[in-house]
Amino acid sequence: MGRVKLSIKRLENTSRRQITYSKRRTGIVKKAKELSILCDIDILLIMFSPTGKPTLCLGEHRHD
């Protein structure tokens, strides 16, 4: 049995939107750091929460 296809649209409920952002924020930061390591690249990720608070992720590759 497969997963249900979710439509991507803005969440109207503000508290639900904040909860979803909080849960997914750590995952996207982790993926950005992994991409930085795997591809040996510099990466900068800036996200703003629904309340306007910024999240910054810096992933730096090693200079040999």
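Leu44 has Leu58, in β2, as its bridge partner. This pairing belongs to a predicted model, in which local features need pLDDT of at least 70 and side-chain atom pairs count only at pLDDT 80 or more, while totals for chains, interfaces and linings use all residues. Residues are numbered from 1 along each chain as its sequence is written, and side-chain values use heavy atoms, with hydrogens and water left out.

Strands β1 and β2 run antiparallel and are joined by 6 bridges; strands count as paired if DSSP finds at least two bridges between them. Helices (H or I, at least four residues) and strands (E, at least two) are DSSP runs, numbered from the N terminus. The β1–β2 hairpin has 5 residues between its strands, and Gly52 takes a positive phi near 100 degrees there.

Turning to the helix, the 26 residues of α1 should span 38 Å at 1.5 Å a residue (1.5 Å times one less than the number of residues), which agrees with the 36 Å between its end C-alpha atoms. Even so, α1 has a kink of about 30 degrees centred on Arg24, the bend being the angle between axes fitted to the seven residues ending at a residue and the seven starting there. Just after α1, Asp40 adopts a positive phi of about 55 degrees.

Buried residues of α1 (under 20% relative accessible area, 1.4 Å probe, protein chains only) are Arg17, Tyr21, Val29, Ala32 and Ser36. These buried residues pack against β1 and β2, with contact meaning heavy atoms within 4.5 Å. Tyr21 touches Met47, Phe48, Ser49, Pro50 and Thr55, leaving aside residues up to four places away in sequence.

Key: Buried < 20%, exposed > 50% of the residue type's maximum accessible area, 1.4 Å probe, protein only.
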